[in-house]
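Hello,

Here is the structure I promised to pass on to you. Have a look at it first, and then read on for my notes.

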Amino acid sequence: MPGHEIIGEEEQKEVLDVLSRKVLFRYEFDAQREGVYKVETFEREFARYCGARHALAVSSGTAALRVALAALGVGPGDEVITQGFTFVATWEAILDAGALPVFAEIDETLCLDPNDLEAHITPRTRAVIPVHMCGGQARVEEIVAAAGRHGVPVIEDTAQSCGGRLGQRALGSFGALGTFSFDSVKTLTTGEGGMVITDDEELYLRASEYHDHGHDHDPSVGRGLEKRRFFGFNYRMMELQGALGLAQLRKLEPAILPRQRRNKRVLRETLEKHDGITFRDLPDPDGDSATFLVFFLPTAEKARAFNRVLSDEGAGAVYWHDNLWHAYGQWEHLLEGRTPLSGGWPFRSPGGSHRCGFDPEALPRTAGILSRALTLPIRIHMDQQLPVLIRAIDKAACAVL
Ligand SMILES: *Cc1c(COP(=O)(O)O)cnc(C)c1O
């Protein structure tokens, strides 16, 4: 999912446009910037691309989650349900808000199972964060409906599926808020960066204020004279990142998605020839952003053996089951409640009692699904790599299936 592969003249031109005016801040400097507002323009174009009313650029995908939780008012005493297969940032943001993450199972979409979600909803549930993993889609309509039956808002973590759609509608635009990441390995990259989208004016204003020390951004007064409703923090994006984002966004539909989809199709057709291989469930194959190809072997043993052959051929797949940063069973720092903060917060209350505990065996279905799954990252440029991968797949299939 690497937008960095196609950084070129367009990005250089946008960045130089900023440097030549010497304005790096997204706000103020109105005379000096000669009408150039890269972050604001990036927000406007991103919102239009997603069909959302508002977009707020922030400093990372993690910041986007943190700001979205603050906009919803999530804090201590609240629970937020998410899935046991995601990047650690999803639950870090929940803990940072002072709330407790509750983990539900994934299904064969590799995303939150709507039925298991509903089984975990309690009176303390204040938000649900399904994660559109590996370029594909969660069953987000069912998830929003299930959460809605209990009056709980949804934040879609769309960090890995920028450009993905479900029935023509952009991922990230189904819930109350959607969050995106533009870190160095994501589909669009600004080095570090993120975005929050929403149709709700009040949620947008709360997010905007919280991400910038509470500034209400009243255009009729200078920055030092703005009022504030509440405290905030600094999760701002700067102009150089906005400039990169603009150039990258303009390449998403014409250059990034079609090439990823073509490369993915070639590999999928190779895998399809072999009995015993099945594929990750995509609720809308046409809207797949195609940043990863996930396939299943009949057993965990066969998945490991298959991947050993791929690795020997120089084409090893990602085995999420053992991944330290994405799989619930591997998050020993979460499971053991390790924290640098005094008194054991957020795993212990100020009085010293346990606020939560995480059973390593709590998500057997997630572990089972991940144990049979192998994942090939799809790049924009794969012409050299495809023949190597095809040969490796055929060899592994002969040896293992
Ligand atoms: C990358 C990622 C994030 C965090 O994004 P950063 O920009 O790296 O902070 C959050 N959630 C998921 C699922 C991710 O893959």
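Let me begin with the ligand. One of its oxygen atoms is 3.1 Å from an N or O atom in the side chain of K186. A polar side-chain atom of S181 lies 2.7 Å from a ligand oxygen, and for Q160 the corresponding distance from a polar side-chain atom to an oxygen of the ligand is 2.9 Å. Taken alone, the ligand exposes 380 Å², and the protein buries 93% of that area. Two elements give two or more residues to the surrounding shell: α3 (61–71) and α4 (89–96). Please keep in mind that this is a predicted model.

The shell holds 15 residues, and the closest to the ligand are G61, T62, S181, D183 and K186. By type, the shell divides into 4 nonpolar, 8 polar and 3 charged residues.

Since α3 helps to form that shell, I looked at this helix next. Helix α3 is mostly covered, with 10 of its 11 residues buried. Those buried residues are G61, A63, A64, L65, R66, V67, A68, L69, A70 and A71. At the start of the helix, a side-chain oxygen of S60 comes to within 3.3 Å of the backbone nitrogen of T62. Just after α3, you will find G73 with a positive phi of about 80°.

Now to the strands. How many residues of β3 are buried? In this strand, which spans residues 100–104, 5 of 5 are buried. Both faces are covered: L100, V102 and A104 are buried on one side, and P101 and F103 are buried on the other. Strand β2 (residues 79–83) pairs with β3 in the parallel sense, over 5 bridges. Within that pairing, T82 has F103 of β3 as its bridge partner. Between the two strands the chain passes through α4, and this β-α-β crossover from β2 to β3 is right-handed. Helix α4 is also one of the elements that contribute to the shell around the ligand.

There is also an open sheet of 3 strands, in the order β10-β11-β12, with antiparallel pairing. Why is one side of β10 and of β12 left without a neighbour in the sheet? Strands β10 (278–279) and β12 (373–377) stand at the edges and each has a single partner strand, so one side of each has no neighbour there. Strand β11 (residues 292–296) is joined to β12 by 5 bridges, and the two run antiparallel. Across this pair, L293 stands opposite L376 in β12.

Two single residues are worth a look on your screen. The first topic is L363, which sits in the loop between α10 (332–335) and α11 (364–372). L363 has a relative accessible area of 6%, and because buried means under 20%, this loop residue counts as buried. Its C-alpha atom is separated by 8.7 Å from that of I106, although L363 and I106 are 257 residues apart along the chain.

The other is E14, in helix α1 (residues 9–19). Is E14 buried or exposed? With a relative accessible area of 10%, E14 is buried. Its side chain has a partner: a polar contact of 2.7 Å joins the side chains of E14 and K38.

Happy to go through any of this with you.

Best wishes

Definitions and conventions:
Residues are numbered from 1 along each chain as its sequence is written. This is a predicted model: local features need pLDDT of at least 70, side-chain atom pairs count only at pLDDT 80 or more; totals for chains, interfaces and linings use all residues. Side-chain values use heavy atoms; hydrogens and water are left out. A residue is near a molecule or strand if one of its heavy atoms lies within 4 Å of it. A polar contact is a pair of N or O atoms within 3.5 Å; within protein, one must be able to donate a hydrogen and the other to accept it, and residues adjacent in sequence count only if both atoms are side-chain atoms. Accessible areas come from the Shrake-Rupley method with a 1.4 Å probe; for residues, only the protein chains shown count as cover. Helices (H or I, at least four residues) and strands (E, at least two) are DSSP runs, numbered from the N terminus. Ala, Val, Leu, Ile, Met, Phe, Trp, Tyr, Cys and Pro count as nonpolar, Asp, Glu, Lys and Arg as charged, and the others, Gly among them, as polar. Buried means under 20% relative accessible area, exposed over 50%, partly exposed in between (1.4 Å probe, protein chains only). Two strands pair if DSSP finds at least two bridges between them. A crossover is right-handed if, with the strands pointing away from the viewer, the path from the first strand over the helix to the second runs clockwise.
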